[in-house]
Amino acid sequence: MNFVREDGRESNQLRALANELSVLTRADGSCRFYQGNSCVIVAVYGPKQVKIHSEKIDSATVQVIISPKQGTQDPSLKQKEQTVRKVYEEVILTQLYPSTLIQIVVQIIHDDGSLMSAIFNGTTLALVNAGIPMKSLLTCSECVITKEGLLILDPTLKEEKDHPSAIIGAFVQPVNGLEGNISYLNSRGPISQSSFEEIVSSVRFACNSVFAFMKIALERSVGDEEFRKPF
């Protein structure tokens, strides 16, 4: 059942998405990504020389650094770094660049909810902008669950605080239109088993909407014919 939220959206409606590519001249690829009022800037460097202690002879090393808006990094950001790294190690075709480093640097500009989604979505666009080959585009979205069991997609920070139960999901989205595969799924708070599949389905629906946005953004950026080449 859909309902109208405090910000005027229906419960299954995403906030406005926006992006700017190549915003950092010294990076090999970059993206400023907006998800409502949440905003991150993602820079990608590489493939470049890797330090010996981090070298993998059969694939590229993926490094992720996430910096807070201000102050020092807290443990939660360290956990986000590990999550993003593990996901993109599986999405990037790292075997094409053995003994190199692909560095992803995320600067949080503003967090108004669904921050992990903004990080994933901005990173995907920055990687494409850098020309890093991937299996396909990865998109992410979040859904919180009210005490009454109602679902709220793309929550604001206030909605996240008001409703502690949530699922965050990231899907690899094939360009051929087939259903994407789950790359990352994380839940917090109590979630009934009976509603789990419905929630995941709602997150997938939201990720498909993000994918549609990315396709349009990239087609405008690099041209439709170039975008449709295999990743």
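How many aromatic pairs does a search of the whole structure find? The answer is three. Before I go through them, keep in mind that this is a predicted model.

Okay, the pair with F33 and F213. The ring centres sit 6.2 Å apart and the planes make an angle of 75 degrees, so we call this one edge-to-face. Planes over 60 degrees apart get that label. Now look at where the two residues come from: F33 is in strand β2, while F213 is in helix α4, residues 193-222, so the pair ties together parts that are 180 residues apart in sequence. And are these side chains buried or exposed? F33 has 0% relative accessibility, so it counts as buried. F213 comes out at 19%, and that counts as buried too, because the cut-off is under 20%.

Next up, Y88 and F120. Here the centres are 5.9 Å apart, but the planes are at 35 degrees, so this pair is tilted. Y88 belongs to helix α1, residues 75-91, and F120 to helix α2, so this contact links parts 32 residues apart in sequence. Y88 and F120 are both buried. If you have the model open, find Y184 as well, since Y88, F120 and Y184 make up one aromatic cluster.

Right, let's leave the rings and talk about the backbone. As a reminder, most residues other than glycine have a negative phi, and most peptide bonds are trans. I have a few spots to show you against that background.

Which residues have a positive phi without being glycine? S22 is one of them, with phi at about 55 degrees. You'll find S22 in the loop between β1 (17-21) and β2 (29-35). S114 is another, with phi near 55 degrees. S114 sits in a loop as well, between β5 (100-110) and α2 (115-130).

Their surroundings are worth a look too. S22 has 48% relative accessibility, so it counts as partly exposed. S114, on the other hand, has a relative accessible area of 0%, which means it is buried.

Last stop: where is the cis peptide bond? It joins G46 and P47, with omega about 0 degrees. P47 itself is part of strand β3, residues 38-49, so click along that strand if you want to see the bond for yourselves.

To recap the places to visit: the edge-to-face pair of F33 and F213, the cluster of Y88, F120 and Y184, the serines S22 and S114, and the cis bond between G46 and P47.

Key
Residues numbered from 1 in each chain as written. Predicted model: local features only at pLDDT ≥ 70, side-chain atom pairs only at ≥ 80, totals over all residues. Heavy atoms only, no water. Helix = DSSP H or I, 4+ residues; strand = E, 2+ residues; numbered from the N terminus. Buried < 20%, exposed > 50% of the residue type's maximum accessible area, 1.4 Å probe, protein only. Phe/Tyr/Trp six-rings, centres within 6.5 Å; stacked < 30°, edge-to-face > 60°.
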